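Please look through the sequence and the three-dimensional structure shown here before reading on. The briefing after it is meant to be read with both in view.

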Amino acid sequence: MFAHLHLHTEFSLVDSLIRIEPPARKSAGANVQTLTGCAAKLGLPAIAVTDQDNLFAMVKFYKMAEGAGIKPIIGADVSLQEAGDPDSAECVTLLVQNQTGDRNLTRLVSRAYGEGQARGRPRIHRSWLEEANDGLIALSGRDGEIGKALLAGRLDHARSAADWWARHFPDRLYLEITRCGRPNDEDHLAAAVGFARTVGLPVVASNDVRFLERGDYDAHEARVCINQGRVINDERRPRDYTPEQYLKSAE
């Protein structure tokens, strides 16, 4: 069984096209696809929404998923400020396991907006996470502290980071691997799988979804360029996404 556990919707304004609900008014002949509609066609038993630093889609997504017979998984991609360095942050995916986790994630995200603003983004402090992690599952991928350390060849740092996460997320920490064709994906995958065997951590595969179909990639890039204030053919703009980041079937 495969379920997408890392997915942004249109509520992640910086990088996603995926709609939760159809628009109130459709253009004549327009076929507007929604997340749960596509997931149902693919026969996916469950799906997670993990928008960047927010839970704005939670209520609508929950209702739409249940209506489509799909188990909704609530989560968020959160930014954690690294100790002593306001310019550096790691990204970790937190998934809700139960009602306690739902309350904790809501509190953490709200507190990040109220107290954790840094460089224009809400960030969670590690001390807050130490106090409010019950009921939450952590996925640490290539943009997490462990993944960054592995890509830099800093194994001692990776072990130290893994110890911290495993201590605060006992049996609730997974190393996330992706294969989207982005720079460093394959290097991180190989390093993470080997590291997981060494330290005894489980691994989970995701696809880091940003749009519903492969053909939506060009429109997605236009959305990203609008956010960045750049034009599509700007050779200097960062290419952070690939056509592989669509809602794939289990096959």
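What follows is a briefing grouped by topic, from the whole chain down to single residues.

The model is a predicted one, and the values below are computed from its atoms. The chain holds 8 helices and 8 strands, and of its 251 residues, 48% count as buried.

**The chain as a whole**

- Along its principal axes, the C-alpha trace of the chain spans about 60 × 45 × 40 Å.
- A compact globule of 251 residues would have a radius of gyration near 18 Å, and because the chain has 18 Å, the two values agree.

**Helix 3**

- Helix 3 covers residues 99-115, and its 17 residues should span 24 Å at 1.5 Å a residue; the end C-alpha atoms are 24 Å apart, which agrees with that expectation.
- The buried residues of helix 3 are Gly 101, Asn 104, Leu 105, Leu 108, Val 109 and Ala 112.
- These buried residues cover an arc of only 125° around the axis, and therefore they sit on the same side of helix 3.
- The face turned away from that buried side carries the exposed residues Gln 99, Arg 107, Gly 114 and Glu 115.

**Helix 8**

- Helix 8 has 12 residues and reaches 16 Å from its first C-alpha to its last, which is close to the 16 Å expected at 1.5 Å a residue.
- Within helix 8, the residues Tyr 217, His 220, Glu 221, Val 224 and Cys 225 are buried.
- When helix 8 is seen down its axis, the buried residues fall within an arc of 140°, so they line one face of the helix.
- Just after helix 8 comes Gly 229, which takes a positive phi of about 70°.

**Aromatic rings**

- A search of the whole structure finds 3 aromatic pairs.
- In one of them, the rings of Trp 164 and Trp 165 have their centres 5.0 Å apart and their planes at 80°; an angle over 60 degrees counts as edge-to-face, so this pair is edge-to-face.
- Trp 164 and Trp 165 are both buried, and ring pairs link these two residues with Phe 169 into a cluster.
- Trp 164 also has a charged neighbour, since Arg 126 lies over the face of its ring at 4.5 Å from the ring centre.
- Another pair is formed by Phe 211 and Tyr 217, whose ring centres are 6.1 Å apart and whose planes are at 55°, so the pair is tilted.
- Phe 211 counts as buried because its relative accessibility is 0%, and Tyr 217 is buried too, with a relative accessible area of 16%.

**Residues with a positive phi**

- Most residues other than glycine have a negative phi, and the residues in the next points depart from that pattern.
- Arg 119 has a phi near 55°, a positive value in a residue other than glycine.
- Arg 119 is found in the loop between strand 4 (117-118) and strand 5 (121-122), and at 57% relative accessibility this residue counts as exposed.
- Asp 208 likewise has a positive phi, near 50°, although it is a residue other than glycine.
- Asp 208 lies in the loop between strand 8 (203-206) and helix 8 (217-228), but at 7% relative accessibility it counts as buried.

**Arg 167 and Glu 130**

- Arg 167 is found in helix 6, which covers residues 155-168, and at 54% relative accessibility Arg 167 counts as exposed.
- Arg 167 and Glu 130 are 37 residues apart in sequence, while their C-alpha atoms are 9.5 Å apart in space.

**Cysteines**

- A disulfide is a covalent bond between the sulfur atoms of two cysteines, and the count of disulfides in this model comes to 0.
- Cys 38 is in no disulfide, and the nearest cysteine sulfur, that of Cys 180, is 18 Å away.
- Cys 38 is buried, with a relative accessible area of 8%.
- The sulfur of Cys 225 is 19 Å from the closest cysteine sulfur, in Cys 180, which is too far for a bond.
- Cys 225 counts as buried because its relative accessibility is 3%, and it is one of the buried residues of helix 8.

Definitions and conventions: Residues numbered from 1 in each chain as written. Predicted model: local features only at pLDDT ≥ 70, side-chain atom pairs only at ≥ 80, totals over all residues. Heavy atoms only, no water. Phe/Tyr/Trp six-rings, centres within 6.5 Å; stacked < 30°, edge-to-face > 60°. Buried < 20%, exposed > 50% of the residue type's maximum accessible area, 1.4 Å probe, protein only. Lys NZ or Arg CZ within 6 Å of the ring centre and 35° of its normal. Helix = DSSP H or I, 4+ residues; strand = E, 2+ residues; numbered from the N terminus. Disulfide = S-S within 2.5 Å. Expected span 1.5 Å × (residues − 1). Arc of directions from axis to C-beta. Rg over C-alpha atoms; globule rule 2.2 N^0.38 Å.
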